[in-house]
Amino acid sequence: MDTCCVSSPPHQMPMVVSHPLQPLTPQEIRQAAAIVRTCAPYGNDTRFETIELMEPDKATVSAFSPGVAIERKARVNVFSAAIVSVTSLIVCLDTETILSRKDFPGRRPMIQLEQFLGIEGIVRTDPAFIAACKRRGITDMDTVCIDPWSAGNFDVPGEEGRHLCHVFCWVRLRENENFYAHPIEGLNAVIDLNTNEVIRVDDYGIVPIPMQEVNYESQFIETFQPQAKPINVVQPEGVNFSFDGHRITWRNWSLVVGFNAREALTLHDIRFDGRPIVNRASIVEMTVPYGSPDNGHFRKNVFDIGEYGIGKLANSLKLGCDCLGVIKYLDVHLNTMDGDPWTIEKAICVHEEDSGLLWKHIDFRTERAEIRRGAKLVISTICTVGNYEYGLYWYLFLDGTIEHEVKATGIINTAACIPGQPPKYGREVAPGVVGHIHQHILCARLDMAVDGDANSVVECNTYSEPLGPSNPYGNAFYEEQTILTRESEAARRANPASHRYWKIINPNKTNHTGAAVGYKLEANHCVTPFVHPDSPSGKRAAFVQNHVWVTAFDPDERFPAGDFMNHSDGAGGLVEFIAKDRPIENTDIVLWHIFGLHHPVRVEDFPVQPCVFTGFKLMPSGFFNRNPAINLPPVVNASSSAA
């Protein structure tokens, strides 16, 4: 894990809070920790998992006016460094008091960033692990690279009641070379994160370590392709967006950008021409199940958001590399395990991009043409979770579309095999190096507010009319719309055969045709899960069994697999939420969308995987009375030229 992007400035000027949804400042993080320390739940063993803004209720946000005093509260999760327990507190920063406290004995916090490199040192010095490495011809333990993985919950004897981590191992042949080309197959260790000891070393047998180098760093590339001429993005008159704190306005759009340690980017109060569309949008979980039951690989079913906190793994972005063009960066402020604030500089990138042709028509009779080009506002962050990078991108378009895109890159997780004899659960990407089949399944939580908080969800399916008197020529087909009225009806799966989609409408507002205004969920990246729903990992990831869930809004129902994912048993989450079977028609609702990537590994995915893409769109469907971009002024780009 590369942590060089993290910095902790010792002295910072006070930061002005200009909006109720602005994330906590470093000063507020420090203040929240100090309030908790006055009554630390675990005394000197108290450690801080997360300190984040306790988002005010919708009425408070709606009533806010610039210049009015803002009450600030923080949500603080702490855990014990000695026993397995988590405590959640709400603190008021204005009165410096603890407003509420809930204890969760037996629950585990997320694995913390500070623990990552510490785990490597613990394993490298364990006698049983050293002996297992020696049996494989490894005597220099400094060359062994350890990746910490969450342990899951598999009822393994000796693991009961512990706060655990499970590791996979590689060896680095020389400085900076790609150690993922040299997996130490069949060797794993289990670490107790409270006692900082290896409780067990699992040795499944020796497989020769692949020793061929497969590098990606520029210092190891002997021959480069010819240097290409640059493609420059210039905006000589400046950008079209403006900031007031964390509130952005761009063209017809306005929204507030948030960030926290668990979810990373969060978007709030998204509006077009002042009309609300989404109250809050974020990616709230990602599970990555691997398909191999061999050796210790059955444990590879991680929850990158719920078990690690993907926000703490955000990169410090580089101008001209990660982000191209005229860029506005935002720093993010999180907390250490000790409760101190620390800053990831330039963690959020905001910029504009040309999005190609927006609309065009030529009247062939008169040969008169009207052409408009599109643009999009891009709000992004990139997070490194061990071997993988995830680029998380939100796009706003001039036609009213909202898109979320995930770009997955980085290095595939590797195992070893006898060269030429890969297992059925993977593909050989280099001699003796295997990438296992796996999936990346994400969950978006969309607190909808289409022209207000009273919304309904409509499922739309297309059917063929049967041959007969009403369809004598066999060409008739139509769309049928069904309102989902209760939570029990709204756990739904995609159906390509009927081109199924879902529409969020406001039945109290109509467009000029008299139809309810709405937004369509374009769910083009649904994934079929292959982990058995009754398996340990399947129970923990029960939310992946449907592609859409709809729940009545509850501010405490934040995560689809429960609040405490690390070593969870499947309790909590969407399955329990919808068991209440609340009405979801013409009320305040949350749409949960499950999407992702199915990844049978390619040879071309190694040594570094080119970006692969997944995501979804929210598109206006009757929200406007016409194409909202029809009145864009005609423009000819003066910087374009003939080649």
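Helices and strands here are DSSP runs, numbered from the N terminus, where a helix has at least four residues and a strand at least two. With that in hand, you can place Asn586 in the loop between helix 7 (574–578) and strand 30. Keep in mind that you're looking at a predicted model. Below is a quick tour of its rings, strands, cysteines and odd backbone spots.

**Aromatic rings**

- The structure holds 20 aromatic pairs.
- Take Phe241 and Phe243: the ring centres are 5.9 Å apart and the planes stand at 85 degrees, so this pair counts as edge-to-face.
- Phe241 is buried, at 10% relative accessible area, while Phe243 is partly exposed, at 25%.
- Phe595 and Phe616 also make an edge-to-face pair, because their planes are at 65 degrees and the cut-off for that label is over 60. Their ring centres lie 5.3 Å apart.
- That second pair ties together distant parts of the chain: Phe595 belongs to strand 30 (residues 589–599) and Phe616 to strand 31 (residues 609–620), 21 residues apart. Both Phe595 and Phe616 are buried.
- There's an aromatic cluster too, made of Trp253, Phe272, Tyr519, Phe623 and Phe624.

**Charges over rings**

- Phe623, one of the cluster members, has a charged visitor: the charged end of Arg275 sits over its ring, 3.7 Å from the centre.
- Lys300 does something along those lines with Tyr290, placing its charged end over the ring at 4.6 Å from the centre.

**An open sheet and a helix across it**

- Four strands build an open sheet in the order 2-3-4-5, with antiparallel pairing.
- Why does one side of strand 2 (46–53) and of strand 5 (97–105) have no neighbour in the sheet? These two strands stand at the edges, each with a single partner strand, so one side of each is left free.
- On average, neighbouring strands in this sheet are turned by 20 degrees against each other, direction ignored.
- In this sheet, strand 3 (residues 73–80) and strand 4 (residues 85–92) run antiparallel and are joined by seven bridges. If you want a spot to look at, find Asn77, which stands opposite Ser88 in strand 4.
- Helix 1 (residues 26–37) lies across strand 2, strand 3, strand 4 and strand 5, and it runs at about 135 degrees to strand 2.

**Two hairpins that share strand 13**

- Eight of the nine residues of strand 13 (residues 264–272) are buried, so the rest of the structure largely encloses this strand.
- With strand 12, strand 13 forms a hairpin that has three residues between the two strands. They pair in the antiparallel sense over seven bridges, and Val256 has His268 as its bridge partner in strand 13.
- With strand 14 (residues 275–289), strand 13 pairs in the antiparallel sense over six bridges. Here Leu267 stands opposite Ala281 in strand 14.
- Strand 13 and strand 14 form a hairpin as well, with two residues between them, and Asp273 in the turn has a positive phi of about 55 degrees.

**Cysteines without partners**

- How many disulfides does a search of the whole structure find? The count is zero.
- Cys92 shows you why: the closest cysteine sulfur, in Cys39, is 16 Å from the sulfur of Cys92, which is too far for a bond. Cys92 is buried, with a relative accessible area of 3%.
- Cys443 is in no disulfide either, and its nearest cysteine sulfur, that of Cys526, is 12 Å away. Cys443 is buried, at 0% relative accessible area.

**Backbone oddities in loops**

- Phe606 and Pro607 are joined by a cis peptide bond, with omega at about 10 degrees. Pro607 lies in the loop between strand 30 and strand 31.
- Arg251 isn't a glycine, yet its phi is positive, at about 50 degrees. You'll find Arg251 in the loop between strand 11 (247–250) and strand 12 (253–260), and it counts as partly exposed at 42% relative accessibility.
- Back to Asn586 from the opening: its phi is near 55 degrees, again a positive value in a residue other than glycine. Is Asn586 buried or partly exposed? Asn586 is partly exposed, with a relative accessible area of 36%.

Technical notes: Residues numbered from 1 in each chain as written. Predicted model: local features only at pLDDT ≥ 70, side-chain atom pairs only at ≥ 80, totals over all residues. Heavy atoms only, no water. Phe/Tyr/Trp six-rings, centres within 6.5 Å; stacked < 30°, edge-to-face > 60°. Buried < 20%, exposed > 50% of the residue type's maximum accessible area, 1.4 Å probe, protein only. Lys NZ or Arg CZ within 6 Å of the ring centre and 35° of its normal. Pairing = 2+ DSSP bridges. Axes fitted to C-alpha atoms, helices over the stretch in contact; angles between N-to-C directions. Contact = heavy atoms within 4.5 Å. Disulfide = S-S within 2.5 Å.
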